[in-house]
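Biologist: I am new to this structure and would be grateful for a close look at a single part, the surroundings of the ligand. Please take me through that part in one connected account.

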Amino acid sequence: MNDFLSDCRSAIGEHYVVTDHTDMAGYLTDWRRRFTGKALAILKPGSTEEVALLVKLCNQYRVPLVPQGGNTGLVLGSVPDDSGNAVVLSLTRLNHIRATDIINNTITVEAGCILQTIQNAATDVDRLFPLSLAAEGSCTIGGNLATNAGGTAVLRYGNMRELCLGLEVVTAQGEIWSGLRGLRKDNTGFDLRDLYIGAEGTLGIITAAVLKLFPQPKARLTALAAMHTPNAALKLLSLAQSHCGATLTGFELMSDFCLQLVVKHYPQMRLPFPQSSPQYVLLEISDNESAEHAEATLERLVTDALEQEVIHDAVVASSMAQSKGLWNLREHIPLAQADEGKNIKHDVSVPISLIGEFITRTDALLAAQFPGCRLVTFGHLGDGNLHYNVSPPEGEAGDALIASQSDINRVVHDSVDHFGGSISAEHGLGAMKRDEIRRYKSDVEMRLMERIKTALDPLNLMNPGKVV
Ligand code: FAD
């Protein structure tokens, strides 16, 4: 392997082939600190051509490689296994915005650009890049594409696949495919772009992308509504869609327990209601007319929902600061759950109309089999996507809960399957759900995925052990 590393150094420069254990550490442990792998080296190319050179060397020496962006993935996709045979290919030096076209409403960016940098670059030209998620200050667009990330604005703008028009990819053989087309219509054969998006680095390396931009809304306004059940939240969704149409950009469900955890661990935060309620919805509209128009729309919606007894209380933020405060409550749920101790996460989706039934049925199954476990249920209700997380009984450290993880997963995932849902709505499969998915996809579907993998990466060097 010394020859391999020495060739890598010649290809990209000594400084960018990291083998020191202390310097490698941050690249080898996943964001939730559940697993630490080993690697021969961390390779940090500075251009697409350098990525291609490194992939060719990996082919020549049969070295597997694990692409990595911000390492914020939640399914153990971005870290190597513990064999120590692989290299981590960090894309973070490919961080240039190559072009902006405000007539075509597109921005061309390199894979290592931080999501927030792209959002800011869009704002600078009075446009919106709508992908938004709590890790936006550290995740990269390459990782967003490789995981087909979702986030809080999918309801209006779609997930990453829908936000991307073109890709530049280094194939598993080290060729450069320059598919950076800013076309909204292109029916010229198989959609290679959609093959690489969501492949979690198992088919090739994404090095750049053309992304869609949108007009900046004139006003964004948020409301928090309180209701008794998830089914009431679904009725509110329907009412909100009638009142707000395409201006409805966010619709997040949060159970009372989620918000109690937030105020427990972040006492500076407060719920804006005198009494607690079993369920809450945070909804956001992005209005193209004015702040007054947005406020009037939300006020009409809230009045209607109160009159129909769909909700029993609501606050409409009257400023950006208040809106931010409401979003802060939502965004602190994963942090508060982590502060509370060990927990088991599920990122699932079911048809939107069945979410209430899914929650009722699954809550009952878990309560019967794992008495006392506490459910932290929140998520992007408008997309049918729930983070259905399980915390241990009050006062327990969580070791017993973690020991039962596969049994708990089985209950939750079988219930998801019962409702025709998906066991990974937005985080991907990585190494964590690679085996679990076989239970829920048909043999034909699995075989098709395996054939694509073998066709594009016959040596199985691209992020082996992940997805398929
Ligand atoms: P990494 O974690 O580095 O990699 C993720 C996967 O992509 C790995 O399989 C990796 O090998 C592959 N990969 C990375 N870069 C490339 C590339 N250039 N070419 C090919 N493959 C590549 N996700 C959501 O969808 N919605 C959310 O709302 C959401 N919220 C989150 C909140 C928090 C607090 C955290 C920590 C994570 C959240 N995530 C969410 C998950 C995560 O942020 C996303 O999956 C993100 O898209 C990963 O980007 P990254 O740059 O960190 O990728």
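Modeller: A suitable starting point is Gly151, which has a backbone N or O atom 3.4 Å from a nitrogen atom of the ligand; please bear in mind that this is a predicted model. Gly201 also contributes through its backbone, where an N or O atom lies 3.5 Å from a nitrogen atom of the ligand. At Asn144 the contact is made by the side chain: one of its N or O atoms is 2.8 Å from an oxygen atom of the ligand. As for cover, the ligand on its own has 970 Å² of accessible area, and the protein covers 96% of this.

The elements that each supply two or more residues to the shell around the ligand are strand E3 (65–68), helix H5 (141–146) and strand E10 (204–212). Helix H5 provides the largest share, namely four residues. Asn144, whose side chain was described above, falls within the range of this helix, 141–146.

Taken as a whole, the surroundings of the ligand comprise 35 residues, of which the closest are Pro67, Gly69, Thr72, Gly73 and Thr140. Pro67 belongs to the stretch of strand E3, 65–68. With regard to character, the shell contains 20 polar residues, 13 nonpolar residues and two charged residues. Glycine is counted among the polar residues in this division, and Gly69 and Gly73 are both listed among the closest residues.

In summary, the ligand has 96% of its accessible area covered by the protein, and helix H5 gives the largest share of the shell.

Conventions
Residues numbered from 1 in each chain as written. Predicted model: local features only at pLDDT ≥ 70, side-chain atom pairs only at ≥ 80, totals over all residues. Heavy atoms only, no water. Near = heavy atom within 4 Å. Polar contact = N/O pair within 3.5 Å; in protein donor to acceptor, adjacent residues only side chain to side chain. Areas by Shrake-Rupley, 256 points an atom, 1.4 Å probe, with all protein chains shown as cover.
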